Amino acid sequence: MAFKEKVFHKEENCLNCNYPLIGKYCGNCGQKAFLHKDSFGHMALHFIGDYFHYDSKFWLTIKTLIRKPGLATIEFIQGKRVKYLNPIQLYIFVTTVFFLTVYFFTYIKQEEPK
Ligand SMILES: [Zn+2]
């Protein structure tokens, strides 16, 4: 089963927007009201899907990390997570782009005639 265990927040209001929580998601901003522990296979499938699912969260997270270092981290820890990319997703996405870029330029350099 994909969802092994669900751990619901003890808070009665959304950590992101302070809206009263009813159900699994915040009715105002859409952030999940629970944390769930997934199996490794489910996490791996999520990672693959999330890396190639590209949205504005990536650029907002990068812009915030460059302009105001620490703000994204503080807000993420405070529970305001819906507008930022998950740190692990960000790390793996940036690492993948970096290594693809290095591979691409190394490949081009090898193709040049001597
Ligand atoms: Zn909310």
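**Note on the predicted model: Asn18, Thr73 and the overall fold**

1. Asn18 is partly exposed (13 to 19 other C-beta atoms within 10 Å of its own, the C-beta atoms being placed from the backbone; buried means 20 or more, exposed 12 or fewer), because 14 other C-beta atoms lie within 10 Å.

2. This is a predicted model, in which local features need pLDDT of at least 70 and side-chain atom pairs count only at pLDDT 80 or more, while totals for chains, interfaces and linings use all residues. Residues are numbered from 1 along each chain as its sequence is written.

3. Asn18 sits in the loop between β1 (3-8) and β2 (34-38). Its phi is positive, about 65°, although Asn18 is not a glycine. Most residues other than glycine have a negative phi.

4. The protein has four helices and two strands. Helices (H or I, at least four residues) and strands (E, at least two) are DSSP runs, numbered from the N terminus. The order from the N terminus is β-β-α-α-α-α.

5. Where is Thr73 placed? Thr73 belongs to helix α3, residues 71-77. Thr73 is partly exposed, because 13 other C-beta atoms lie within 10 Å. Thr73 and Pro87 are 14 residues apart in sequence. In space, their C-alpha atoms are 8.8 Å apart.

6. How much of the protein is buried? Buried residues account for 6% of the 114 residues.

7. Contacts are pairs of residues whose C-beta atoms, placed from the backbone, lie within 7 Å. Take the contacts between residues at least 6 apart in sequence: 54% of them join residues at least 24 apart.

Definitions and conventions
Contact = placed C-beta atoms within 7 Å.
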